[in-house]
Amino acid sequence: MMGRVSAWYIGLTTRERTLVSVAGVLMGLVVLVYGIILPVGAALDDAAVRHRLATERAGRIAAQMDELKSAPRAKTTALAGPVEQLAGASAQDAGFVVQSNQRRGSDAAVIVIPTARPSAALAWIDGLSAQGLAVEQLTMTPAPDGTVSVNITVRRSGS
């Protein structure tokens, strides 16, 4: 293949060889600029923007963490009674339908809520610590309708 191209090029006149060489150099420049330099430059610009956004997000998270660390701790009220009753009553007070509420030992319970709005479920889970309960394990499974299924294991705080 290269032999045929070389034979063709040698068969050209000096003027044609000059024009073909100039066209080849111009094509090489176009490929260099539009195929390498511009895409690499755009990728570097995008990376710089992503880095700036990630740095800003990390700064906001660090500021929020500092704010949380300096905030006064809420007093937990240790309620009397079995853990499964406390957690079940808390879920029902929050408006959830509890599918299953099983005791796990003397100080833990597993609660299954089949459907809940994610924001309401997270608010309820966040409020458990104020009731003297700690989340040991949590599984939230999204549903196609925008709700979640919650499977949570709670235990008494300090146990």
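Contact here means heavy atoms within 4.5 Å, and everything below comes from a predicted model.

**View 1. Thr147 sits in the loop between β3 and β4.** Leaving aside its neighbours within four places in sequence, Thr147 is in contact with Thr115, Ala116, Pro118, Thr141 and Pro142. Buried or exposed, then, for Thr147? Its relative accessible area is 17%, and the cut-off for buried is under 20%, so Thr147 counts as buried. Look also for the polar contact that the Thr147 side chain makes with the side chain of Asp145, at 2.7 Å.

**View 2. β3 and β4 make a hairpin.** There are 5 residues between the two strands, and Gly146 in the turn has a positive phi of about 95°. The strands run antiparallel and are joined by 9 bridges. Two spots help you find your way along this pairing: Pro142 stands opposite Val148 in β4, while Leu133 has Arg156 of β4 as its bridge partner.

**View 3. Four strands build an open sheet.** Reading across, the order is β1-β2-β4-β3, with antiparallel pairing. Which strands stand at the edges? They are β1 and β3 (133-142); each has a single partner strand, so one side of each is left without a neighbour in the sheet. Direction ignored, neighbouring strands are turned by 15° against each other on average. Elsewhere in the sheet, β2 and β4 run antiparallel and share 7 bridges. Zoom in on that pairing and you'll find Ile111 with its bridge partner in β4, Ile152.

**View 4. Helices α3 and α4 pack on the sheet.** α3 touches β1, β2, β3 and β4, and its direction makes about 20° with that of β2. α4 touches β2, β3 and β4, and its direction makes about 0° with that of β4.

**View 5. Here is the largest nonpolar core, with 19 residues.** Which of them touch the most other members? That list is Phe96, Ile113, Trp124, Val150, Ile152 and Val154. At least two residues of the core come from each of α3 (83-93), β2 (108-116), α4 (118-127) and β4 (148-156). Val154 is a handy residue to centre on: not counting residues up to four places away in sequence, Val154 touches Val83, Ala87, Asp107, Ala108, Ala109, Leu128, Ala134, Val135 and Glu136.

**View 6. Phe96 and Trp124 come together as an aromatic pair.** The structure holds 1 such pair. Why is it called edge-to-face? The ring centres are 5.7 Å apart and the planes meet at 65°, and planes over 60 degrees apart count as edge-to-face, so the pair gets that label. This pair links distant parts of the chain: Phe96 lies in the loop between α3 and β1 (100-103), Trp124 lies in helix α4, and the two are 28 residues apart. Phe96 is buried at a relative accessible area of 8%, and Trp124 is buried as well, at 7%. Both also appear in the list from the previous view, among the core residues that touch the most other members.

Terms used. Residues numbered from 1 in each chain as written. Predicted model: local features only at pLDDT ≥ 70, side-chain atom pairs only at ≥ 80, totals over all residues. Heavy atoms only, no water. Core = buried A, V, L, I, M, F, W, Y, C linked by side-chain atoms within 4.5 Å. Buried < 20%, exposed > 50% of the residue type's maximum accessible area, 1.4 Å probe, protein only. Phe/Tyr/Trp six-rings, centres within 6.5 Å; stacked < 30°, edge-to-face > 60°. Pairing = 2+ DSSP bridges. Axes fitted to C-alpha atoms, helices over the stretch in contact; angles between N-to-C directions. Polar contact = N/O pair within 3.5 Å; in protein donor to acceptor, adjacent residues only side chain to side chain.
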